[in-house]
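Grab a pencil and work through these exercises with the structure open beside you. Try each task before you read its solution.

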Amino acid sequence: MNTNTYPSFQVLICDDDDSFLRSISFAIERYCGINNIIQCNDSREVLGKLNDGDIRVVLLDLNMPHISGDELIAQITELHPHISVLIISGINQVEAAVKCIKLGAYGYHVKTEDPERLSNSIMQVIRYQELNLENQAMRGYLLENQTSLHPAFSKIISVNHQMHSVFNYIESISNSQQPILITGESGVGKELIARAIHETSSCSGELVCVNVAGLDDNLFSDTLFGHKKGAFTGAEQARKGMIERASGGILFLDEIGDLNLASQVKLLRLLQEGEYYPVGSDTPKRINAHIIAATHQNLLTKKENGEFRNDLYYRLKIHHVNIPPLRERKQDIALLLEHFLTLAAQEFNKPLANIPKELLILLENYAFPGNIRELRAMAFDAMSTHQSGDLSMKAFESVRSAVPTLDIQAQLSKPLFESSSTLPTLKQAAELLVAEAMKRANSNQSLAAQLLGISQPALSKRLKKGQPES
Ligand SMILES: Nc1ncnc2c1ncn2[C@@H]1O[C@H](COP(=O)(O)OP(=O)(O)OP(=O)(O)O)[C@@H](O)[C@H]1O
């Protein structure tokens, strides 16, 4: 590998004029130290080269035979939204520049320009791409490494490793100015995560939630942008939009996968330009809110079906948080059930119910299509009819019929230890259990105590006892 190559990704330059190709390559190598360059003098070859190489920056001439530069910008931004395009044209016309920027070019330069100015602009786009790569690398790192958590996450009950990686990642991005996309099945806790991001960030403004699923394009504009007095029949007063209400805070756009295509264009423009027009007004306003979007839909499939814009997808998912479904984090079921039963007992003013062992086996074998929301509803329903003692299995008959082949009795009578193995002493077993609970709870004593069914002070005492004398 050539360690002197800069940047780590390739820069493609396309111009039908060979002598310009040579001179620009020489100039950017000289001024910017960029030598990871691919030269191309035939615009028909550009898309093929983008499919093969690790190209992240493209410099294009505007007037070329076969495929013009502006046709290529549109295709590149559509097919490779992560690539930045800069135009270096022989035409010094404002209209041409505006057209290219609108099509998605990062910048527009004229060939006769001072090479240093051009080099600065190229360096800016290289740095932008490097930051994107750093961001991806940091994300990978954080997903592997645990640190102590912000108290905002104590409301999100989980001992699952993936969830704790999500919490760490959120802490690192909560003050970023870029949008955050939260995905996951219905009921996994996406809104709860958005609230945690709001609490972890240093935003002074509110978290304003808008469900965009049921909004047609007019209602979307009116809800988000607000309107001027007299903008339409019935608009007797001017009204502020949700963007303004979220000023200094976070605008949470829920069910973004169901947003209609016309409104997707408006949202994209808002994200790109940072400006919007209240309905009926010619005066633009600037957005001063961070945007979080969430969906239970598979946006990649929607994108492939032409139902979700490619460019908007990449704009929204600069930071991406995916919440695993409950069936993939079975170790959370017992804790969540206990949590919801406690809430329900308080609400119904009833004594707390015991959780029968067979109930946990049943729930751990159930797919939970409605995820945590479904478990919550089950817990509240069961507590509404509960009298005292063990929670009745009757309240879970619908779950039982969803897993007809499950033999609960066989699972219950499974021996804990092989008959041939030596039994640990009581003291050893207790120490092993405490160590395992602390590991599963990522050293969170309150969660570990819940897993062990003892109080937190009792666990803390045990942990202190286990420490070597100082
Ligand atoms: N880890 C958790 N700990 C405690 N409560 C949770 C957890 N996850 C979700 N909940 C609760 O489950 C319910 C559903 O969560 P939420 O509304 O955040 O889900 P969602 O993913 O946004 O759902 P949808 O896709 O339908 O909008 C809420 O009552 C929420 O408080």
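The expected span of a helix is 1.5 Å times one less than its number of residues. Helices (H or I, at least four residues) and strands (E, at least two) are DSSP runs, numbered from the N terminus. Keep in mind that this is a predicted model, where local features need pLDDT of at least 70, side-chain atom pairs count only at pLDDT 80 or more, and totals for chains, interfaces and linings use all residues. Residues are numbered from 1 along each chain as its sequence is written.

**Exercise 1. Check the length of helix α1 (residues 18–32) against its expected span.**

Step 1: Helix α1 has 15 residues, so at 1.5 Å a residue the expected span is 21 Å.
Step 2: Now look at the end C-alpha atoms of α1, which are 21 Å apart, in agreement with that span.
Step 3: Go on to what follows α1: that's Gly-33, with a positive phi near 70 degrees.

**Exercise 2. Get an overview of the chain: how many helices and strands are there?**

Step 1: Tally the secondary structure, and you get 20 helices and 14 strands.
Step 2: Next comes burial. A residue is buried if 20 or more other C-beta atoms lie within 10 Å of its own, exposed if 12 or fewer, and partly exposed in between, with C-beta atoms placed from the backbone. In this chain of 470 residues, 31% are buried.
Step 3: Then contacts. Two residues are in contact if their C-beta atoms, placed from the backbone, lie within 7 Å. Take the contacts between residues at least 6 apart in sequence: 70% of them join residues at least 24 apart.

**Exercise 3. Sort Ser-68 and Gln-129: is each buried or partly exposed?**

Step 1: Find Ser-68 in the loop between β3 (55–60) and α3 (69–79). It has 14 other C-beta atoms within 10 Å, so Ser-68 is partly exposed.
Step 2: Beyond its neighbours within four places in sequence, Ser-68 is in contact with Leu-62 and Asn-63.
Step 3: Now find Gln-129, in helix α5 (residues 115–144). Here 20 other C-beta atoms lie within 10 Å, so Gln-129 is buried.
Step 4: Leaving out neighbours within four places in sequence again, Gln-129 is in contact with Phe-9, Arg-56, Val-57 and Ser-84. Its C-alpha atom is also separated by 8.2 Å from that of Ile-83, 46 residues apart along the chain.

**Exercise 4. Find which residues of helix α8 (residues 217–225) are buried, and what covers them.**

Step 1: The buried ones are Phe-220, Ser-221, Asp-222, Leu-224 and Phe-225.
Step 2: Their cover includes β7 (207–211), β8 (226–227), α9 (242–245), α10 (261–273) and β11 (275–276).
Step 3: Just after α8 sits Gly-226, with a positive phi of about 75 degrees.

**Exercise 5. Look at phi of Phe-368 and Asn-371.**

Step 1: Start with the general rule: most residues other than glycine have a negative phi.
Step 2: Phe-368, in the loop between α14 (357–364) and α15, has a positive phi near 45 degrees. With 22 C-beta neighbours inside 10 Å, Phe-368 is buried.
Step 3: Asn-371, in helix α15, has a positive phi near 55 degrees. Asn-371 also counts as buried, with 22 C-beta neighbours inside 10 Å.

**Exercise 6. Explore the nonpolar cores: which residues touch the most other members of the largest one?**

Step 1: A nonpolar core is a set of buried Ala, Val, Leu, Ile, Met, Phe, Trp, Tyr and Cys residues joined through C-beta atoms within 7 Å. The largest has 65 residues, and Ile-170, Ile-182, Leu-251, Phe-252, Ile-292 and Ala-379 touch the most other members.
Step 2: At least three residues of this core come from each of domain 2 (156–324) and domain 3 (326–414). The domain bounds come from an automatic or database domain assignment.
Step 3: Another core, of 28 residues, lies apart from it and includes Ile-87, Cys-100, Tyr-106 and Tyr-108.

**Exercise 7. Explain why the ligand lies between two domains.**

Step 1: A residue is near the ligand if its C-beta atom, placed from the backbone, lies within 6 Å of it. Of the 17 residues around the ligand, Ile-157, Gly-189, Lys-190, Glu-191 and Ile-372 come nearest.
Step 2: Elements giving two or more residues to this shell are α7 (190–200) and α15 (371–385).
Step 3: Domain 2 and domain 3 both give residues to the shell, so the ligand lies between them.
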